[in-house]
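Student: Please take one part of this model and go through it closely. I am new to it and would like to hear about the nonpolar interior and what lies around it.

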Amino acid sequence: MEVRHATAPSEVPTLDTTGLRARFLVEDLFAGPGIRLTYSHHDRLVVGGVVVGDAPVDLPAPAPLRASAFLDRRELGVVNVGTADAAVEVDGRSFSLAARECLYVGRGARVVRFSGDGARLYLVSTAAHAVHPTRRAALADATPVKLGSVSGSNERTIYKYIHADGIRSCQLVLGVTVLADGSMWNTMPCHTHDRRTEVYCYFDLPPEHRVVHLMGRPDETRNLIVADGEAVISPPWSVHCGFGTHSYSFVWAMGGENQAYDDLEPVDVRDLR
Ligand SMILES: O=C(O)C(=O)C[C@H](O)C(=O)CO
Ligand SMILES: [Zn+2]
């Protein structure tokens, strides 16, 4: 598991493209069969990617967690970001996950096993102080919120899976946003939320296309050019929004001080620099 330390906003102007990507972009989540994990000290979020080959893949307990099982003091969200069906076994109980479906795994689960030849599963984990039940949800079970317009090139549907009125958790909040065909912009007008770190994982993007993701303080933005299956860590002080050269979907997930989706600081487009 790669460990990334926290970045102060004052460091951003000192970083070149390579430096920015090394701090905020997680590129190799789905580089081949197996599991890859990155631990961010921003709100202690762990993101991961699983590519299932011939054999099932187990969730390990990497040394930096100093735990006998990954979920000893954590909770986990899993989203199927591929096209192949997957199954997730949690201490002997099996949950099927079709494309874009989600599983929440509560603190204390000991054996988490991913299977389904060719499946791609995205993982986000936050620290947890209590046990909430393990639950699965399909897009139809999530609360859809339609936002944007054709003229704004930002028609999209936000499906909230793990949140205060959906699948309950300690601090993890997670959902999937699907852009309408022909729409390019997500999260514009953009925002920050000083009490939560957010991570975006872009998917459903053809390999020859990219998302130009904006990050940084509203008055000092930078961009990251992001491919399918890559994730961006967005610290509490950073905006997070982007436009694609093609429509796409993304998993957004947050951890931190509270779970209130609307506890955020909106940014007026005219104030962006
Ligand atoms: O398309 C959007 O707008 C989003 O998906 C926004 C995220 O859900 C978000 O930033 C939550 O804080
Ligand atoms: Zn946000």
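Tutor: What follows starts with the core, moves to a pocket, and ends with a sheet. This is a predicted model: local features need pLDDT of at least 70, side-chain atom pairs count only at pLDDT 80 or more, and totals for chains, interfaces and linings use all residues. Residues are numbered from 1 along each chain as its sequence is written, chains are lettered from A and ligands numbered from 1 in the order in which they are written, and side-chain values use heavy atoms, with hydrogens and water left out.

The largest nonpolar core has 29 residues. A nonpolar core is a set of buried Ala, Val, Leu, Ile, Met, Phe, Trp, Tyr and Cys residues joined through side-chain atoms within 4.5 Å. Buried means under 20% relative accessible area, exposed over 50%, and partly exposed in between, with a 1.4 Å probe and protein chains only. Y122, V124, Y161, I162, L174 and V251 have the most contacts inside this core. Among the elements giving it two or more residues are strand 11 (120-127), strand 14 (156-162), strand 15 (173-179) and strand 23 (249-256). Strands (E, at least two residues) and helices (H or I, at least four) are DSSP runs, numbered from the N terminus.

Now take V251. Beyond its neighbours within four places in sequence, V251 is in contact (heavy atoms within 4.5 Å) with residues including V79, Y122, L174, V199 and F203. Another core, of 26 residues, lies apart from the largest one; Y39, L71, V78 and F95 are among its members.

Strand 23 also serves the largest pocket: three residues, the largest share of its lining, come from this strand. The pocket has a volume of about 230 Å³. A pocket is an open set of points on a 1 Å grid over the protein atoms alone, where a 1.4 Å probe fits, with protein on both sides within 12 Å along at least five of seven lines; lining residues have an atom within 4 Å of a point. The volume is the space filled by probe spheres set on the points, which are joined across faces, edges and corners. There are 17 lining residues, and R156, I158, T187, H191 and Y261 are the closest to the centre. Strand 14 and strand 18 also give two or more residues to the lining.

Last, an open sheet. Its four strands have the order 16-22-19-20, with antiparallel pairing. Two strands pair if DSSP finds at least two bridges between them. Strand 16 (185-186) and strand 20 (220-226) are the edges. N186 stands opposite G242 in strand 22.
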